[in-house]
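Got your viewer open? Let's walk through this one together, one selection at a time.

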Amino acid sequence: MIPEPAWRRALDLIGKADEIALACHVSPDGDALGSMLATGSVLRAQGKRVVASFGDRQFDVPRLLRFLPGQDLLVPPADFPAEPELMITFDSSTPDRLGLLGPNTAKAHEVIVVDHHLSNTGFGTLSLIDPHVAATAVLAEQLIYRLGGSLDRDIATCLYAGLVTDTGSFRHASTTPEVHQMAARLVATGLRTDEIARELWDRSPFGYLKVLAAALERASLEDGLIWTYVPRVDRAAYGLPYTELEGLIDIVRRTDEAEVAVVLKEDDQGAWQASSRSKGAVDVGAICAVLGGGGHHNAAGFTSHLSVEDTIAAFRALLPSRDGEA
């Protein structure tokens, strides 16, 4: 639970600020971008000057999220305030996760961190962090209500995208009665759950199928760990952006014989972005934190500049053995 004084301090900072700069993590998912756009739309409706961004060098909203309302708030990192009066970050556990916007947190007068990751380092001047909630969108909704805002269909669409992506469409263990109650509030605004589901999960370019096939062909199953990788040359052959690989881990992790799944995806700069999933017995969040990343018990990630083989070896070395020892 977030202490009431923290909420009151957040409302005071927002109330006094003339301009508010919002940021979410690089390669944003539905929770990061949806929470930021929903909050930004409410702040703008209340008369605030609002800009929003994420710190990717190639500033493109992932195709799967281009249906989200409120994207006219977005500016490229180069146009983001260098020394924000008030900066609010969403779904980012460290400044590094903000990419090009990470240094802006050090120069901002105040930084409110809105997040649900247990691995959050508490880098802001004010933390609105609750690792017990299913998504940052849950905290964004609470902030919106405390600001005196209300939900319309556009704002609800953004929050719903965050809720369904981080709960795996209500399949993950984080799906509580409160999650369904929030979903009911959002759906009551008139949003189209079928259209949102189609955008998030039921669309892909033909090239994705080819890249997926290659990734599955090279998958390895080793003592309860399944892993594979996607080099950028695979994507380049079909003009496939890095962001199209987001759902690959959810296919690989289905393997019955594996407790843990890892997918390494080479980004446009040549680094390997690792996504990991656990079925519950292994805390992949703790493993990824050791490797410089973080996340949750069952879903986490990290960045590696090593080779594929060395990256997997480093991850494998941190897995518990069959007798329970690391």
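Start with the strands: five of them form an open sheet in the order β2-β1-β3-β4-β5, with parallel pairing. Keep in mind that you're looking at a predicted model. Now colour β2 (49-54) and β5 (126-129), which stand at the edges. Each has a single partner strand, so one side of each is left without a neighbour in the sheet. Turn the sheet and look along it: the twist averages 20° from one strand to the next.

Next, select residues 19-24 and 86-90. These are β1 and β3, and they pair in the parallel sense over five bridges. Want a spot to zoom in on? Try Ala 23, which stands opposite Thr 89 in β3.

Now bring in the helices. Select residues 4-16 for α1, which lies across β1, β3, β4 (110-115) and β5, and runs at about 120° to β5. Then pick residues 30-45: this is α2, lying across β1, β2 and β3 and running at about 170° to β1.

Last stop: show α5 (residues 153-166) together with α7 (residues 193-201). How do these two pack? Their axes are 11 Å apart, at an angle of about 55°. That angle is why α5 and α7 count as oblique to each other. The crossing of α5 and α7 is right-handed. Turn on side chains to see who meets whom: from α5 come Thr 157, Tyr 160, Val 164 and Thr 165, and from α7 come Thr 193, Ile 196, Leu 200 and Trp 201. Sorted by class, this contact has five nonpolar residues, three polar ones and no charged ones.

Methods: Residues numbered from 1 in each chain as written. Predicted model: local features only at pLDDT ≥ 70, side-chain atom pairs only at ≥ 80, totals over all residues. Heavy atoms only, no water. Axes fitted to C-alpha atoms, helices over the stretch in contact; angles between N-to-C directions. Helix = DSSP H or I, 4+ residues; strand = E, 2+ residues; numbered from the N terminus. Parallel < 35°, antiparallel > 145°, perpendicular 65-115°, else oblique. Left-handed = near helix turned anticlockwise from the far one by under 90°. Contact = heavy atoms within 4.5 Å. Nonpolar A, V, L, I, M, F, W, Y, C, P; charged D, E, K, R; others polar. Pairing = 2+ DSSP bridges.
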